[in-house]
Amino acid sequence: MKIGYQGIQGSNSEASARSMAKRLGWTGVEYVPLVHSRGVVNALLSGEVDYGVMATLNHVAGVVQETEAALRGLNYRMLALDCIPIHHCLFVKDASVTEIHAVASHIQALEQCRGTLARDYPEAVWKEEEDTAIAARYLAEGVLPGDTGVLCRRDAGESFGLHLVRENLEDDVENATEFELIRLSEKGPDKLVVVAGLGLLGGSMAKALKRYTGYTVYGWNRTRSVAEAALAEGAIDKIAGEEDLARCDLLIPALYPEASLRFLRRVVPTMKPGAQVVDLVGVKQRLVEEITPIALERGVRFTGGHPMAGLARAGYGRSFPDLFQGASMILVPTEATAGGDLEALESLFTQVGFRRVRVCDARTHDRMIAHTSQLAHIVSNSYVKSPVSPDYVGFSGGSYKDMTRIACLDERVWKELFLLNREALLPEIDLLVRHMTELRDAIGNNDGDRLEELLRLGREAKEHIDALNPDQPSE
């Protein structure tokens with residue numbers, strides 16, 4: 001068994017490849033360094049290696065463009081995902097080097113240390129190399145000038161006999177990179193999927209379908225320039241027209257809630273009998289009530305869907321194919337859901353990265369989402385409005401960041417979500433206000449016993465929740 005990895009011996013990709021192989025219980029593995037993502041793909045296509053490992057996303061610097069380009073149009077399956085902490089060390093040729101005039105490494109490593117380099121080595125120019133470990137080798141072999149520093153893993157720098165200057169230059173202490181272990185897969189059945197609405201969710205779904213399935217993927221977007229950008233990037237195979245909406249096998253609307261309703265009311269009556277619709281809207285009752293009768297009349301199969309994934313800020317520019325890795329997908333069957341649809345959809349969504357698929361009715365969905373998602377956004381939105389919030393730096397150990405992250409919502413979307421789900425959301429808000437008032441009154445009355453009791457009840461509630469969900473505690 002051979003695993004080709006992006007980089008050379010001592011690279012982060014090699015470390016990740018060994019970690020994932022061990023996790024899968026593989027033995028007798030030969031690890032093949034292939035420097036570039038394109039080299040990994042070529043080796044997979046030629047049969048030189050059985051599996052490939054590449055960096056796909058850094059939590060600071062974003063998507064690894066080299067890998068994104070190499071995988072474009074490739075039909076493959078991801079077998080494992082590994083997220084490893086990335087700590088960059090600065091090495092020089094030997095201890096006699098006292099001034100660093102250039103810093104060499106992979107562009108992702110340089111970006112991850114941008115702040116530190118700008119502050120501590122403002123005069124040093126950046127020199128991009130194919131890999132962090134390759135930069136170390138080039139310095140050791142004299143390919144790079146002697147006044148160059150390199151960013152790489154500690155073991156890589158030490159293996160080439162370089163002198164360690166500093167450790168942990170990354171700007172973010174939680175800096176980490178995701179690596180994928182993949183193999184080629186056979187092309188799936190000829191199936192046309194149209195994703196309508198190419199924002200964060202829709203754009204990511206289109207990219208995931210292109211990456212992880214053999215389906216033909218068309219994209220539709222109200223603003224054509226967004227669809228043109230998706231086409232140019234290879235996220236879709238074609239910009240969908242009305243005739244494509246009518247003949248597609250699967251339609252996935254990912255529009256704003258009200259826009260999804262208007263779109264489906266218009267499009268479903270034009271679709272071919274037997275076609276399937278799965279929406280990605282965050283509320284379900286209103287959608288199911290309005291669209292199910294239309295779908296039944298036309299013979300179109302309709303199932304509600306809601307991916308539990310996203311980012312604080314939206315837009316096509318932030319979409320990426322691995323947004324759904326490890327996330328949950330909720331499916332809401334309707335009277336227009338045909339036999340076998342749920343099983344087929346679970347298989348499809350698992351293929352694009354979802355770890356768990358939950359099935360429930362529309363009312364249960366909206367009640368749970370009111371509590372787990374919508375109420376949290378309301379709390380964050382309210383919390384950040386304090387006049388002392390701008391001065392948080394140096395006064396937070398992480399709780400402020402956790403509480404305010406989702407305050408950066410798209411008010412146009414969330415306005416619709418809140419109003420469409422007000423029947424389930426209002427009781428959750430009322431209950432929160434009641435509990436907050438109890439705490440306020442205990443503090444205002446200087447009632448330590450009552451305050452301790454309320455805090456204990458909250459702690460016990462959290463412990464009970466985690467005990468019921470040991471495989472996924474709510475932390």
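## The loop between α17 and α18

N446 sits in the loop between helices α17 and α18. In this predicted model, N446 has a positive phi of about 55°, although it is not a glycine. You will find this residue just after α17. Is N446 buried or exposed? With a relative accessibility of 70%, N446 counts as exposed, because the cut-off for that word is over 50%.

There is another residue to look at alongside it. N168 also has a positive phi, near 55°, and is a residue other than glycine. N168 lies in the loop between β10 (163–166) and β11 (176–184). Its relative accessible area is 46%, so N168 is partly exposed.

## Helix α17 and its neighbours

Now step back along the chain into α17 itself, which covers residues 422–444. What span should the 23 residues of this helix have? At 1.5 Å a residue, the expected value is 33 Å. That figure comes out this way because the rule multiplies 1.5 Å by one less than the number of residues. The end C-alpha atoms of α17 are 31 Å apart, which agrees with the expected span.

Which residues of α17 are buried? They are A424, L425, E428 and A442. These buried residues pack against three helices: α14 (362–383), α16 (411–420) and α18 (448–468).

## A salt bridge along α18

Follow the chain into α18 and you can find E463 and R459 joined by a salt bridge, with their closest N and O atoms 3.2 Å apart. Why are these two separated by about one helical turn? They are four residues apart in helix α18, and that spacing gives about one turn. The general rule is that an α-helix has 3.6 residues a turn, so residues three or four places apart point the same way.

Both ends of this bridge can be checked for exposure. E463 is partly exposed, with a relative accessible area of 44%, and R459 also counts as partly exposed, at 44%.

## Salt bridges around α10

How many salt bridges does the model hold? The count comes to 31. One of them joins the side chains of E242 and R266, at 2.7 Å from N to O. This pair links distant parts of the chain: E242 belongs to helix α10 (residues 242–247), while R266 belongs to helix α11 (residues 257–267), 24 residues apart. E242 is partly exposed, with a relative accessible area of 42%, and R266 is partly exposed too, with 38%.

Helix α10 also has a bridge within itself. D244 pairs with R247, and their closest N and O atoms are 3.3 Å apart. These two are three residues apart in α10, which puts about one helical turn between them. Is D244 buried or exposed? D244 is buried, with a relative accessible area of 1%, whereas R247 is partly exposed at 42%.

Elsewhere, salt bridges form a network that links E68, E180, R211 and D322.

## Nonpolar cores

Next, look inside the model. The largest nonpolar core has 48 residues, and those with the most contacts inside it are L198, M205, L209, I252, F349 and F354. Which helix gives the most to this core? Helix α8 (residues 200–212) does, with six residues.

For a closer look, pick out L198. Leaving aside residues up to four places away in sequence, its contacts include A206, W220, V226, I236 and Y316. A second, separate core has 41 residues, among them F263, A275, L287 and I291.

## Aromatic rings

The model holds seven aromatic pairs. In one of them, the ring centres of W26 and Y51 are 4.6 Å apart and the planes meet at 35°, so this pair is tilted. W26 lies in the loop between α1 (12–23) and β2 (30–33), and Y51 lies in strand β3 (residues 51–58), 25 residues apart. At 17% relative accessibility, Y51 counts as buried.

For F349 and F354, the ring centres are 5.8 Å apart and the planes are at 90°, so the pair is edge-to-face. Both residues are buried, and ring pairs link them with F324 into a cluster. A ring can also have a charge over it: the charged end of K207 sits over the ring of Y316, 4.6 Å from its centre.

Notes: Residues are numbered from 1 along each chain as its sequence is written. This is a predicted model: local features need pLDDT of at least 70, side-chain atom pairs count only at pLDDT 80 or more; totals for chains, interfaces and linings use all residues. Side-chain values use heavy atoms; hydrogens and water are left out. A nonpolar core is a set of buried Ala, Val, Leu, Ile, Met, Phe, Trp, Tyr and Cys residues joined through side-chain atoms within 4.5 Å. Buried means under 20% relative accessible area, exposed over 50%, partly exposed in between (1.4 Å probe, protein chains only). Contact means heavy atoms within 4.5 Å. A salt bridge is a side-chain nitrogen of Lys or Arg within 4 Å of a carboxyl oxygen of Asp or Glu. Rings of Phe, Tyr and Trp (its six-membered ring) pair if their centres lie within 6.5 Å; planes under 30 degrees apart count as stacked, over 60 as edge-to-face and the rest as tilted. A charge sits over a ring if NZ of Lys or CZ of Arg is within 6 Å of the ring centre and within 35 degrees of the ring normal.
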